[in-house]
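I opened a new notebook page for this chain. My plan is to go from the whole to one spot on its surface.

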Amino acid sequence: MSKLVIVGTVAFDAIETPFGKTDKILGGAATYIGLSASNFNVDSAAVSVVGGDFPQEYLDLLKNKNVNIEGIEIVKEGKTFFWSGKYHNDMNSRDTLATELNVLEHFNPIVPENYKDSEVVMLGNLHPLVQQGVLDQMSKKPKLAILDTMNFWMDIALDDLLSVIKNVDVITINDEEARQLTGEYSLVVAARKIHEMGPKYVVIKKGEHGALLFHDDNVFYAPALPLEEVFDPTGAGDTFAGGFAGYLAKTGDFSFENMKTAVIYGSTLASFCVEKFGTERMQNLTDKEIYKRLDQFKSLTQFDIELT
């Protein structure tokens, strides 16, 4: 069984959307990535930090999904990272109401000994120095290193970000971030510039408009499945990354053709994530539901055309 290291936040979120609001619930990039990747029967480990206020039931949830939690440090006297946000009516934009770093402020990631030879490393959205710190702990170069980042790190730690980008195979960012990172409006030109920074593959997420995969001169586009109701978009990008990384870890095939399928799996899992608040939908997802939705994706994207 392939091994997958997942680095990111395990956190509390408080979310408000036009459909309702929550008090503190389970969130964090590593949580969404881990729950999503757990659908592929890979041996994964989460590397993160929480405070003494973090419920054991949440750690048990990850453990029961076969996500190894040895790498989740518990700072008993500390408080867990907390984020609160309010989504606008279009669900594409949101206001951050609170960000409390708490134990994350001094987080020093420690990869469990048994996972230092993992084939795939998924670097969730964290400070670039933390991401690089994980790569430096690997006993051998991973076959695939995937990095997710955001405009915040471009604003405050661009040099560190560019340094770690050189050392990864895949970068996943959204369209706005790709434009900021490169100064290019065209996503095709932006992807080419990001290739030159180091990654062989560039995944540009476009939310409800799907995702683009770039490799050299090859481009693949996966639409997002049209949904009747989007309840809460929080964690959809991380769920996409978890499906993408989980599928690639399971198959061990890192070709462009197989990455196309990984993008479809990522999009499929993200389409479930948005149907309920937080991680609720991802906690009880079944293989049957996933395959049914994959079939919907297939119907959505396949067609016959006669070229004359």
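**Record and overall build**

I checked the record first: the unreviewed UniProt entry annotates residues 2-281 as "domain: Carbohydrate kinase PfkB". Such annotations may be inferred rather than shown by experiment.

I noted that this is a predicted model, where local features need pLDDT of at least 70, side-chain atom pairs count only at pLDDT 80 or more, and totals for chains, interfaces and linings use all residues. Residues are numbered from 1 along each chain as its sequence is written, and side-chain values use heavy atoms, with hydrogens and water left out.

I looked up the span 2-281: 35% is helix and 26% strand, and its end C-alpha atoms lie 26 Å apart. For the chain I found 11 helices and 15 strands (DSSP runs: H or I of at least four residues, E of at least two). The chain's radius of gyration, taken over C-alpha atoms, is 18 Å, close to the 19 Å from the globule rule for 308 residues, so the chain is as compact as a globular protein of that length. That rule is 2.2 Å times the number of residues to the power 0.38.

I also looked up burial: 56% of the 308 residues count as buried (under 20% relative accessible area, 1.4 Å probe, protein chains only).

**A spot on the surface**

Is Ile305 buried or exposed? Ile305 is exposed, because its relative accessible area is 60%, and exposed means over 50%. I placed Ile305 in the segment after α11 (287-301).
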